[in-house]
Amino acid sequence: MNIISLKSEREQDLMRKAGALTAQARALAGSMVKPGVSTLEIDRAVRDFIQSHGAQPSFLNYNGYPASTCISINEVVIHGIPDHRKLVEGDIVSVDVGAYLDGFHGDCAATFTCGQVSQEAQQLIDVTRQSFFEGIQMAHPGNRISDIGHAVQTYVEAHGYSVVRDFVGHGVGQKMHEAPEVPNYGAAGHGVRLMPGMTLAIEPMVCVGDWHVRVLKDGWTTITADGSLAAHYENSILITDGEPEVLTPYGNL
Ligand code: MF3
Ligand code: CO
């Protein structure tokens, strides 16, 4: 389906509920990021949390994906598969999670620090997060989809980092991935006009070095081609007549 769905008031409310649960799952995962904890332990806790609230992890079995979260450490940009690897002091740990509740998906991600991290790593995380907020500022009716990514890219590159091109944000709703694509790069003024009721997942993926990425033989794990650090930040949002609404409220994340 290439049609962009506009959510009704009732559907928006269901998206808020799915989004809130997804955001809580992200916070739970973040609270577990500590030296000695394995990524599989975090994944299990998130899965149990989502299921105990009557929802399903959106990622589990999606195109054969084997887990409920993506946990991507250091030079892994996205789609890291949880396993028995234990986190160590200084790691930066991107957790991406989706929950499907009452027919709608929430989708969000953030990069967390394991103990003390380098200044460079912390700055990368901060710039990646802020780039989302630069992007969402453009998420108003009348603007076009590429205005979002243009703002993300401009901010990221002003800080000397690069944005991934091979993966993009997306519409979100009854399916985890809906139209339209939401790139984090490109010229302003292109693509569909934003309209109230559109729900989008805006998700900048940012590299310290070059933006080229490589997918490992497992078919998922996506790393920076140059081995530089990467970070990821994502919220699901709703376009309204007024300010855009974050459906996966982030608290202090
Ligand atoms: N959350 C990812 C996204 O933002 C999708 C994860 S792919 C999966 O699009 F296979 F892990 F589900
Ligand atoms: Co997404």
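Ile-202 touches quite a crowd once residues up to four places away in sequence are set aside: Phe-132, Ile-136, Ile-148, Val-182, Tyr-233, Glu-234, Asn-235 and Ile-237. Bear in mind that this is a predicted model. Ile-202 also turns up in the largest nonpolar core, which has 37 residues; there, Ile-42, Ile-50, Leu-200, Ile-202 and Ile-237 touch the most other members. Several helices and strands give two or more residues to this core, among them α1 (9–32), α2 (39–52), α3 (119–136), α4 (145–158) and β9 (199–202). Strand β4 gives the most, with five residues. A separate core of twelve residues lies apart from that one, and its members include Ile-92, Val-117, Val-127 and Val-156. As a broader point, nonpolar side chains tend to be buried together in soluble globular proteins.

**The metal site**

Glu-234, one of the residues that Ile-202 touches, is also a donor to the cobalt ion (ligand 2). The other protein donors are Asp-107, His-170 and Glu-203, and the donors lie 2.1 to 2.3 Å from the ion. Asp-107 binds through OD, His-170 through NE2, and both Glu-203 and Glu-234 through OE. In sequence, the spacing of the donor residues reads D-x62-H-x32-E-x30-E. Asp-107 lies in strand β5 (residues 104–113), while Glu-234 lies in the loop between β13 (230–232) and β14 (235–238), so this pair ties together parts that are 127 residues apart in sequence.

What makes the arrangement around the cobalt ion irregular? The six donor atoms subtend angles of 45 to 173°, whereas an octahedral site needs opposite donors over 155 degrees apart and all others between 65 and 115. Because the range of angles starts at 45°, the arrangement counts as irregular.

Are Asp-107 and Glu-234 buried or exposed? Asp-107 is buried, with a relative accessible area of 3%, and Glu-234 is buried too, at 0% relative accessibility.

**Around ligand 1**

Asp-107 and Glu-203 come back here: 13 residues surround ligand 1, and the closest are Phe-59, Asp-96, Asp-107, His-177 and Glu-203. Three side chains have polar atoms close to an oxygen atom of the ligand, as follows.

| Side chain | Partner | Distance |
|---|---|---|
| Asp-107 | oxygen atom of ligand 1 | 3.0 Å |
| His-177 | oxygen atom of ligand 1 | 2.6 Å |
| Glu-203 | oxygen atom of ligand 1 | 2.7 Å |

**Backbone oddities**

Now for the backbone. Most residues other than glycine have a negative phi, and most peptide bonds are trans. Against that background, the peptide bond from Ala-179 to Pro-180 is cis, with omega near 0°. Pro-180 sits in strand β8.

Which residue in the loop between β2 and β3 (76–78) deserves a look? Asn-74 is found there, and its phi is positive, at about 55°, although it is not a glycine. Asn-74 counts as buried, at 14% relative accessibility. His-79, in the loop between β3 and β4, also has a positive phi, near 60°, and it is not a glycine either.

**Loops and the end of the chain**

Gly-173 belongs to the loop between β7 (169–171) and β8 (178–182). Its relative accessible area is 0%, so Gly-173 is buried. Leaving aside neighbours within four places in sequence, Gly-173 is in contact with Lys-7, Met-15, Gly-103, Phe-104, His-105 and Glu-178. Lys-217 is another matter: its C-alpha atom is separated from that of Gly-173 by 30 Å, with the two positions 44 residues apart along the chain.

Ser-38 is in the loop between α1 and α2. At 4% relative accessibility, which is under the 20% cut-off, Ser-38 counts as buried. Not counting residues up to four places away in sequence, Ser-38 touches Asp-83, His-84, Arg-85 and Lys-86.

Finally, where does Pro-249 sit? Pro-249 is in the segment after β15 (245–246). It counts as partly exposed, at 45% relative accessibility. Pro-249 is 228 residues from Leu-21 along the chain, and their C-alpha atoms are separated by 9.5 Å. Setting aside neighbours within four places in sequence, Pro-249 is in contact with Gly-19, Ala-20, Ala-23 and Arg-26.

Methods
Residues numbered from 1 in each chain as written. Chains lettered and ligands numbered in written order. Predicted model: local features only at pLDDT ≥ 70, side-chain atom pairs only at ≥ 80, totals over all residues. Heavy atoms only, no water. Helix = DSSP H or I, 4+ residues; strand = E, 2+ residues; numbered from the N terminus. Buried < 20%, exposed > 50% of the residue type's maximum accessible area, 1.4 Å probe, protein only. Contact = heavy atoms within 4.5 Å. Donors = N, O, S within 2.8 Å, 3.2 Å for Na, K, Ca; no water. Tetrahedral: all angles 85-135°; square planar, octahedral: opposite > 155°, others 65-115°. Core = buried A, V, L, I, M, F, W, Y, C linked by side-chain atoms within 4.5 Å. Near = heavy atom within 4 Å. Polar contact = N/O pair within 3.5 Å; in protein donor to acceptor, adjacent residues only side chain to side chain.
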